Amino acid sequence: MVEDEVMAPFWMDLGERWEIDAQYFKLWPVCRWAQPALTAVSQMMSSCPEGIEADAIEHIRVETLHESMRLQGHAPASSDEAQYGLAFPLAAMIIRGRLGACEVSGEALHDEQILSLSQRIEIVEVADLSARFPAEILSRVHLTFKNGR
């Protein structure tokens with residue numbers, strides 16, 4: 001069978017190049033650029049045997065790349081805004097101990113605890129992380145507790 005020349009470019013690398021290698025998978029149902037900060041907080045939560053109490057948090061500073069800094073999203077009006085924000089999903093993860101569809105939709109959007117913690121989150125761009133984008137999508141998260149820790 002002779003391959004049509006129009007279709008040949010689509011099959012030339014069959015078995016050599018895999019489209020799945022060019023994809024990424026998100027752990028949480030929010031924007032890709034928010035994922036590194038969520039990963040950092042998830043790891044902090046896992047490494048604290050006593051857990052992270054939201055009421056004990058004075059301030060959270062997220063240092064990130066320009067694209068991620070633009071997400072902000074402290075008080076989303078809709079599920080779409082929550083999914084394309086950073087502050088709200090981060091606060092929801094800390095308050096609820098998880099981040100799934102229920103944390104970025106419905107009644108969660110009006111949860112006073114999540115909204116309160118979200119307001120204590122500062123998201124700033126830092127040059128060294130912006131310079132590494134798009135090859136790397138990175139964030140640093142600093143938690144400051146009311147006890148000074």
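User: What makes a residue count as touching Glu122, and which ones do?

Analyst: Contact means heavy atoms within 4.5 Å. By that test Glu122 touches His59, Ile60, Arg61 and Val62, leaving out residues up to four places away in sequence. A word on the background: this is a predicted model, in which local features need pLDDT of at least 70 and side-chain atom pairs count only at pLDDT 80 or more, while totals for chains, interfaces and linings use all residues. Residues are numbered from 1 along each chain as its sequence is written, and side-chain values use heavy atoms, with hydrogens and water left out.

User: Where is Glu122, and why is it called partly exposed?

Analyst: Glu122 sits in strand 2, residues 121–125. Strands (E, at least two residues) and helices (H or I, at least four) are DSSP runs, numbered from the N terminus. For exposure, buried means under 20% relative accessible area, exposed means over 50%, and partly exposed is in between (1.4 Å probe, protein chains only). Glu122 has a relative accessible area of 30%, so it is partly exposed.

User: How do you know that Ser118 and Thr64 are buried?

Analyst: Their values make it easy! Ser118 has a relative accessible area of 0%, so it is buried. Thr64, also at 0%, therefore counts as buried too. Ser118 lies in helix 6, residues 112–118, where it touches Gly73, His74, Ala87, Phe88 and Ala91. Thr64 belongs to strand 1, residues 57–64, and its contacts include Met69, Ile123, Leu129 and Ser139.

User: What makes Arg140 and Glu63 a salt bridge?

Analyst: The rule asks for a side-chain nitrogen of Lys or Arg within 4 Å of a carboxyl oxygen of Asp or Glu. For Arg140 and Glu63 the closest N and O atoms are 3.3 Å apart, which fits the rule. This pair links distant parts of the chain, with Arg140 in strand 3 and Glu63 in strand 1, 77 residues apart. Arg140 is partly exposed because its relative accessible area is 31%, whereas Glu63, with 14%, is buried.

User: How many salt bridges are there by this rule?

Analyst: The count comes to twelve. Another of them joins Asp128 and Arg140, at 2.3 Å from N to O. Asp128 is in helix 7 and Arg140 in strand 3, so this pair ties together parts that are twelve residues apart in sequence. At 36% relative accessibility, Asp128 counts as partly exposed. Arg61, Glu63, Glu122, Asp128 and Arg140 are linked in a network of salt bridges.

User: How do you know that Asp111 and Arg96 form a salt bridge?

Analyst: Their closest N and O atoms are 3.4 Å apart, so with the limit at 4 Å the pair passes. Asp111 lies in the loop between helix 5 (87–96) and helix 6, and Arg96 in helix 5, so the pair ties together parts 15 residues apart in sequence. Both partners are buried.

User: Why is the pair of Trp33 and Phe133 called edge-to-face?

Analyst: Rings of Phe, Tyr and Trp (its six-membered ring) pair if their centres lie within 6.5 Å; planes under 30 degrees apart count as stacked, over 60 as edge-to-face and the rest as tilted. The structure holds one aromatic pair. Trp33 and Phe133 are 5.9 Å apart, centre to centre, with 85 degrees between the planes, so the pair is edge-to-face. Trp33 lies in the loop between helix 1 and helix 2 and Phe133 in the loop between helix 7 (127–131) and strand 3 (139–145), so the pair ties together parts that are 100 residues apart in sequence. Trp33, at 27% relative accessibility, counts as partly exposed, and so does Phe133 with 22%.

User: What makes a nonpolar patch on the surface, and which residues form it?

Analyst: Patches are made of residues with over 30% relative accessible area and no salt bridge; like charges are joined within 9 Å, and nonpolar side chains (Val, Leu, Ile, Met, Phe, Trp, Tyr) within 5 Å. Here Val6, Met7, Phe10, Trp11 and Leu14 form such a patch, with about 590 Å² of accessible area together. Areas come from the Shrake-Rupley method with a 1.4 Å probe, and for residues only the protein chains shown count as cover.

User: Why does Leu14 count as exposed?

Analyst: Leu14 counts as exposed because its relative accessibility is 62%. Leu14 is found in the loop between helix 1 (8–11) and helix 2 (35–47).
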